[in-house]
Amino acid sequence: MSKISGVAIPAESLRGDPGAADLIARYDARAPRYTSYPTAVQFSPAVNARVYGEWLSAITPTRPVSLYVHVPFCARLCWYCGCNTRAVAKASLVSDYVQGLRREIAMVRALMPEGVWANALHLGGGTPNMLSRDDMVDLFGDLKRAFRLAPGADIAAEMDPAVLTRDWVRAAAFHGLNRASLGVQDLSPRVQEAVNRRETFEVLANAVGWLREVGVRSINFDLMYGLPRQTTVDVLSTLDRVLSLRPERLALFGYAHVPWMKPHQKLIAEADLPGAVARLDQSLAAAERLRGEGYVQIGLDHFALPTDELAIALAQGRLHRNFQGYTTDAAPSLVGFGASAISSLPQGFAQNETAELAWRERVQADALPTARGVALTDEDRFRGELIERLMCDGAVDLNAVCARHGRSLDELAPALAQIDGFEADGLASLRDGAITVTPRGGIFVRALCALFDTHLNREAARHARVV
Ligand SMILES: C[S@@+](CC[C@H](N)C(=O)[O-])C[C@H]1O[C@@H](n2cnc3c(N)ncnc32)[C@H](O)[C@@H]1O
Ligand code: SF4
């Protein structure tokens, strides 16, 4: 747990600041989103099925595990999408995939010690509500039998409101669904047309109504800025409409344009993309509006009502960051299932085959579908904690983290030498062994984290830009 708590990553208005363009020019380098450290770019085949199997068998049953299930299917492909997914029309393809998941769950469980139990389950994608009601019920049944989900466990699913049904929501709630995350992005028809996504406010409001009706306790909306043809007015008018539904949480993601990794993003005309200054304006205007509505900013890109667990965790310095973004989940082991799913165990990270076909072939041959990963060194754990605290709290007590990991502050000298530049620009301060991001610097926190990333330099060009 961090000694520094409750400061959030401030994002006070740089709007209208004449220095903003210059800051962007100098700090808008490409940097990872730091949902892990080392990041997925460092994964290699050295972590294979044998290594992952050993890690699974070393899980201690005294602490709960968290579960993640990836569903790589959607009803349509949004052109901006950076997720591992594809559009499918045939329901039988999704059903076959669920049968593969059930095999994988049995295989993974058999490798773990007796008594392992779970306190959190997250269905992500893609679009988990592409699963038929029957397949979803079978999947929940297997997961519950295998992992004894604790009463009151967090059970969450990402959903596309455009293909959600009341029947699906009711069945999921019967199996314990208590959190939902709905994709919204932008409600302007002009922007939706430029990204091949159609979703009306009415469809969203219906989805929220069904989720509230069954008592889902926390609803999140994903919004985006930096989309083609999007303006600050679009972002604010989308916010105006969705805030009337009073979601407990909102995520505000900057569009990551990485066509060299996601070729379908080439369908987006680069000339339609807002520039860095316009993106900054969109994100700061949205953050300002959300704070005005009583939402607390959580880390870089999330917002929550003060009564939501995420806001409470932030105030208590126990916010975490994992592959799904900001979380209250502190479980030492996250076990992932499905194509491309990433597991995070105390020994390191392991990722399944990304391509569905390759994943399926391995699972059908009763082999763990692990393709790559990275084993953590003590130095990775040390730097990973520094980066996680900066990303979560916007501040880090270097002495405390060094003491916890038995490291010396001297090891950080090359990074600390570069903080001068951030200080001179009023973006961060270094005092008494603690780094604090200033209100002006909130938006550049990934660039600050990158100073501590010893793996970064070779791969910097592959990440999306900071702002
Ligand atoms: C799995 S989807 C959410 C659920 C559902 N599939 C939907 O879109 O309605 C995950 C979220 O990632 C975000 N996202 C996808 N591609 C992105 C990109 N290239 N840059 C930033 N955010 C992105 C979107 O906000 C999206 O809602
Ligand atoms: S944003 Fe959601 S619905 Fe659109 S392609 Fe990506 S995962 Fe599918």
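1. Glycine 294, placed just after helix α9, takes a positive phi of about 95°. The model is a predicted one, and this angle should be read with that in mind.

2. Helix α9 itself runs over residues 276–292, 17 residues in total. From its first C-alpha to its last it reaches 24 Å, close to the 24 Å expected at 1.5 Å a residue.

3. The buried residues in α9 are Arg279, Leu280, Asp281, Gln282, Ser283, Leu284, Ala286, Ala287 and Leu290. Their cover includes the helices α1 (20–27) and α8 (232–243). Strands also take part, among them β7 (218–225), β8 (249–254), β9 (296–298) and β10 (302–304).

4. The largest nonpolar core has 131 residues. Those with the most contacts inside this core are Leu67, Ala180, Ile298, Leu390, Leu448 and Cys449. Helix α12 (residues 378–393) supplies the largest share, six residues. The core lies between domain 1 (20–36 + 377–462) and domain 2 (41–375), because both domains give residues to it.

5. Which residues does leucine 67 contact, leaving aside its neighbours within four places in sequence? They are Ala118, Ala120, Leu121, Leu143, Phe147 and Val335.

6. Around ligand 2 there are four cysteines, Cys74, Cys78, Cys81 and Cys83, together with Leu77 and Thr85. The residues Gly125, Gly126, Thr127, Asp160 and Gly183 complete the shell. By class, this shell has five nonpolar, five polar and one charged residues.

Terms used:
Residues are numbered from 1 along each chain as its sequence is written. Chains are lettered from A and ligands numbered from 1 in the order in which they are written. This is a predicted model: local features need pLDDT of at least 70, side-chain atom pairs count only at pLDDT 80 or more; totals for chains, interfaces and linings use all residues. A nonpolar core is a set of buried Ala, Val, Leu, Ile, Met, Phe, Trp, Tyr and Cys residues joined through C-beta atoms within 7 Å. A residue is buried if 20 or more other C-beta atoms lie within 10 Å of its own, exposed if 12 or fewer, and partly exposed in between; C-beta atoms are placed from the backbone. Helices (H or I, at least four residues) and strands (E, at least two) are DSSP runs, numbered from the N terminus. Domain bounds come from an automatic or database domain assignment. Two residues are in contact if their C-beta atoms, placed from the backbone, lie within 7 Å. A residue is near a molecule or strand if its C-beta atom, placed from the backbone, lies within 6 Å of it. Ala, Val, Leu, Ile, Met, Phe, Trp, Tyr, Cys and Pro count as nonpolar, Asp, Glu, Lys and Arg as charged, and the others, Gly among them, as polar. The expected span of a helix is 1.5 Å times one less than its number of residues.
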